[in-house]
Amino acid sequence: MISILIKSAIVLAVAACIASVLRRQSAALRHAIWTAGLIGALLVPLCSFTLPGWQSSVVGWAEKAFQRDVVSTPPSQASIAIPTESAAIPSANSIPVASSQATGVQSSSWTWSQIGIAVWIGGATFGLLNMLLGALRLAWVAIRSEPVTDSRWIEMAERVRQSLGFRRPVRLLQNQTSHFLGTWGILVPRVLLPASANQWSDDRAWMVLGHELAHIKRHDWVVQVLAEAARAIYWFNPVFWLAYSRLRRESEHACDDAVVRMGAAGTQYAEELLELARTLRNENSMRSPILAMAQPSHLERRLVALLDPALNRLAATPWSIIVVALVAIGLTLPLAAVRAPERASEKVVAPALSVSNAVSEAPPVDVPVELKASAPRHDTPTVETTLPPAISTARELPKEEAPASSRAAIQVQPDSPVSTSQTAPVHIAKIVVPSGAEPRASAPPPIECRTSPVIQATKMKETKMALGSGPWHINADQTIWAWDQPYIAGAAVNTMWMKPANEVLVITGRRLDGESAPLRIQLAKDSTAGYIATAMTFPKAGCWEVTATAGSSSLTYITRVDAQ
């Protein structure tokens, strides 16, 4: 988003520089340059989404300057083990060690970028509402206006239209209660005359019609509406305000030049323009999307220009328009295709804890052990102690006698089953040591959750660009894409998928590091589109393998699910 705003501003800034360099050229040429810059700036977002991109580090710094990441508490894991002087020796029916995880609470807050977007939307809405109110006011005036039936005005408008050389029909309207003077419209443009127009002289009427019909021939009203809409949307950017003001000023200068080229004397036209501005001052100050002839904001500059006999008043030739358009295209398209370099996503995986690590790192602690030598062969020594909650791996301790000098971390469950998510103290109960029994082979080591790598990429076909650039899990032939999410056990997390169109997406999942209920999937109604949103609910925390199939395509990836 930031890069698009910067690119649009660059296009308009280049147009401003070119127009400033060509300030001795005609107003019509400068207006064409500003128009090309405005259209290019408005087309930058569309071209950025449709054109193939090429990465450049030049635009990356601006995005970093305007964005602020949300600082959240990272997931934390803690393991508290009480080591003993003697090793833990479970019996044949001893229960495997339970495991549990503790996860940090994600903190969410308004970022600066979100606040900026909210303020931008509010300002754009205000500007567009102002445009709408002006259009409604103009529509109200137009509805109350009547077509001009005076033959003098109709014949004069026809002569001026032929002199300017365009064929579009023009409607002359007059409002008896308003003093508007201006033009608007596209297919059937209209010229609104004030109530006092019937008392004008033929010279003034001819000059007024020449100015207004020149606006119609040049399509100035359409350009000005686009400029006002762009200013409302990009209200925070001063370049768009400058473009709006310069387009209106240059269009008035260009139409004044057209009247002078038709044969009007500059001094006489300046006198008539000054008188019209004095007469219509109150009405023209009201906001409306009409191109008013006698606006006081640019009146002084226009009068000075009319009295300058050496001023360039030529119209923009077709060849000059083509050159300006080609320059605008050559600037807009490559600039819109530039992308900021993608940053590789990083996933922090907490290291799995093992019994061997606990044994090697735990300091020695003396725990009293009572051995009954006179007991029968199958009598068991007992160790009574209490352990705090600990995160450990599902590994069964080896069954063997331990020398008195050995050190071990004891993490076991009580006699009654305990859920993996409980954090109650764990008591060691009656560890059986059969005399003379052979050491039993230890259980396989715990599974290390090796999560699948994610990719920053954007799928250009069969989906909307608004889906973003990831991070994604993507299969080998790039037909199935899954958005990587921070999953929480028991919570339905929305996940975006992209798949082959007209294929039904089937998603399954299994837990790799323990037993669990199956993964619950809730698909959107339209499952045949090229993209679909799902609600994925993992019953338990741990390491999960997710498999998705759509027709002959399949995707399998491993992800970590945090506890609540």
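**Exercise 1. Find the disulfide in this predicted model and describe its geometry.**

Step 1. Search the whole structure; one disulfide turns up.
Step 2. Identify the pair. C449 and C543 form it, with their sulfur atoms 2.2 Å apart.
Step 3. Apply the cut-off. Cysteine sulfur atoms must lie within 2.5 Å. The separation of 2.2 Å for C449 and C543 meets it.
Step 4. Read the torsion. The angle about the S-S bond is 80°, and the link of C449 and C543 is right-handed.

**Exercise 2. Which parts of the chain does the pair C449 and C543 tie together?**

Step 1. Place C449. This residue lies in the loop between β11 (426-427) and β12 (472-474).
Step 2. Place C543. This residue belongs to strand β19 (residues 542-550).
Step 3. Combine the two. The cysteines sit in a loop and in a strand, so the disulfide ties together parts that are 94 residues apart in sequence.
Step 4. Recall the chemistry. A disulfide is a covalent bond between the sulfur atoms of two cysteines.

**Exercise 3. Decide whether C449, C543, C47 and C255 are buried or exposed.**

Step 1. Set the threshold. Buried means under 20% relative accessible area.
Step 2. Take the bonded pair. C449 and C543 are both buried.
Step 3. Take C47. Its relative accessibility is 11%, so C47 counts as buried.
Step 4. Take C255. The relative accessible area is 0%, so C255 is buried.

**Exercise 4. Give the strand order of the open sheet that holds β19, and find its edges.**

Step 1. Write the order. Four strands run β14-β20-β19-β16, with mixed pairing.
Step 2. Find the edges. β14 (487-488) and β16 (505-511) each have a single partner strand, so one side of each is left without a neighbour in the sheet.
Step 3. Check the pairing of β14. Two bridges join β14 to β20 (residues 553-562), and these strands run parallel. Y487 stands opposite V561 in β20.
Step 4. Check the pairing of β19. This strand pairs with β20 in the antiparallel sense over nine bridges. A548 has L555 in β20 as its bridge partner.

**Exercise 5. Describe the connection between β19 and β20, and the burial of β20.**

Step 1. Name the motif. β19 and β20 form a hairpin with two residues between them.
Step 2. Inspect the turn. G551 has a positive phi of about 70°.
Step 3. Assess burial. Seven of the ten residues of β20 are buried, and the strand is mostly covered.

Technical notes
Residues are numbered from 1 along each chain as its sequence is written. This is a predicted model: local features need pLDDT of at least 70, side-chain atom pairs count only at pLDDT 80 or more; totals for chains, interfaces and linings use all residues. Side-chain values use heavy atoms; hydrogens and water are left out. Two strands pair if DSSP finds at least two bridges between them. Buried means under 20% relative accessible area, exposed over 50%, partly exposed in between (1.4 Å probe, protein chains only).
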